[in-house]
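The following exercises concern the fold of one protein chain. Each task is followed by a solution that proceeds step by step.

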Amino acid sequence: MDLGPLLAPGRQCPHDGARCGALPDLPPLDGGGVTATGSWRDVLRANLHLRGASRVLARIGAFRALHLAQLDKRARKHPWGDTLRPDVPVRVEVTTHRSRIYHAGAARSRIATAIAETLGAPIADTAAETPEAITLKVRIDDDLCTLSVDTSGEPLHRRGHKQAVNAAPLRENL
């Protein structure tokens, strides 16, 4: 499985905190982030030890989709049960860039319906509605639909480990 630690703007040098020893063989940058191949154990290690990453995404699949009907058909064929559980809610976030599928809301609707009908998992609309929901991040770039699971959850500066925080708390990973 591919791992994708997301780095904060300005931290995208391959010789900074991204190479702290948690994932020693990180290749060069790939469009603003780094990628590595590993297992779920490596995902856990990355979430614990990478100090410069704001999130760690586990890429669970990718396919080409030229229009919404094709996106719907291929999303229904994806093996959602390999990664997601039917009893845990799923929140779907979609971004599109340089793609023929330009309506992120319609793409989100198709993928959420495919998950609900093939897996049977409940779909969460907002983070406040169900904070325990798994976030599925879908990026459609140049007609390539990449599916990633956000393994980091809530950002560290919002998890409540500090008692006194300001309106704009300092992010600990900067």
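**Exercise 1. Strand pairing**

Which residue in strand 7 is the bridge partner of V138?

Solution. The model is predicted: local features need pLDDT of at least 70, side-chain atom pairs count only at pLDDT 80 or more, and totals for chains, interfaces and linings use all residues. Residues are numbered from 1 along each chain as its sequence is written, and side-chain values use heavy atoms, with hydrogens and water left out.

Step 1. Strands (E, at least two residues) and helices (H or I, at least four) are DSSP runs numbered from the N terminus. Two strands pair if DSSP finds at least two bridges between them.

Step 2. The bridge partner of V138 in strand 7 is L147. This belongs to an antiparallel pairing of strand 6 with strand 7 over six bridges.

Step 3. The two strands form a hairpin with two residues between them. In the turn, D142 has a positive phi of about 55°.

**Exercise 2. Extending the sheet**

Trace the further partners of strand 6 and strand 7, and state whether strand 7 is mostly covered.

Solution. Step 1. Strand 4 and strand 6 run parallel and are joined by eight bridges. Within strand 6, R139 stands opposite T95; R139 also stands opposite T146 in strand 7.

Step 2. Strand 7 is joined to strand 3 by seven bridges, and these two run antiparallel. Here A58 is opposite V149 of strand 7.

Step 3. Six of the seven residues of strand 7 are buried, and the strand is mostly covered. Buried means under 20% relative accessible area, exposed over 50%, and partly exposed in between, with a 1.4 Å probe and protein chains only.

**Exercise 3. The largest nonpolar core**

Which elements each supply at least two residues of the largest nonpolar core?

Solution. Step 1. A nonpolar core is a set of buried Ala, Val, Leu, Ile, Met, Phe, Trp, Tyr and Cys residues joined through side-chain atoms within 4.5 Å. The largest one has 24 residues, and those with the most contacts inside it are L71, W80, V92, I111, I115, L136 and V138.

Step 2. At least two residues each come from strand 3 (53–64), helix 2 (68–77), strand 4 (90–97), helix 3 (104–118), strand 6 (134–141) and strand 7 (144–150). Helix 3 gives the largest share, five residues.

Step 3. Consider V92. Leaving aside residues up to four places away in sequence, V92 touches R108, I111, A112, I115, L136 and V138, where a contact means heavy atoms within 4.5 Å.

**Exercise 4. The two sides of helix 1**

Which residues of helix 1 are buried, and which are exposed on the other side?

Solution. Step 1. Helix 1 (residues 40–49) has D42, V43 and A46 as its buried residues. Because they cover an arc of only 105° around the axis, they lie on the same side of helix 1; the arc is that of the directions from the helix axis to the C-beta atoms.

Step 2. R41, L44 and L48 are exposed on the other side.

Step 3. The C-alpha atom of A46 is separated by 10.0 Å from that of L57, eleven residues apart along the chain. L57 is found in strand 3 and counts as buried because its relative accessibility is 9%.

**Exercise 5. The whole chain**

What pattern does the protein chain follow along the sequence?

Solution. Step 1. The chain has three helices and seven strands, in the pattern β-β-α-β-α-β-α-β-β-β.

Step 2. Of its 174 residues, 40% are buried.
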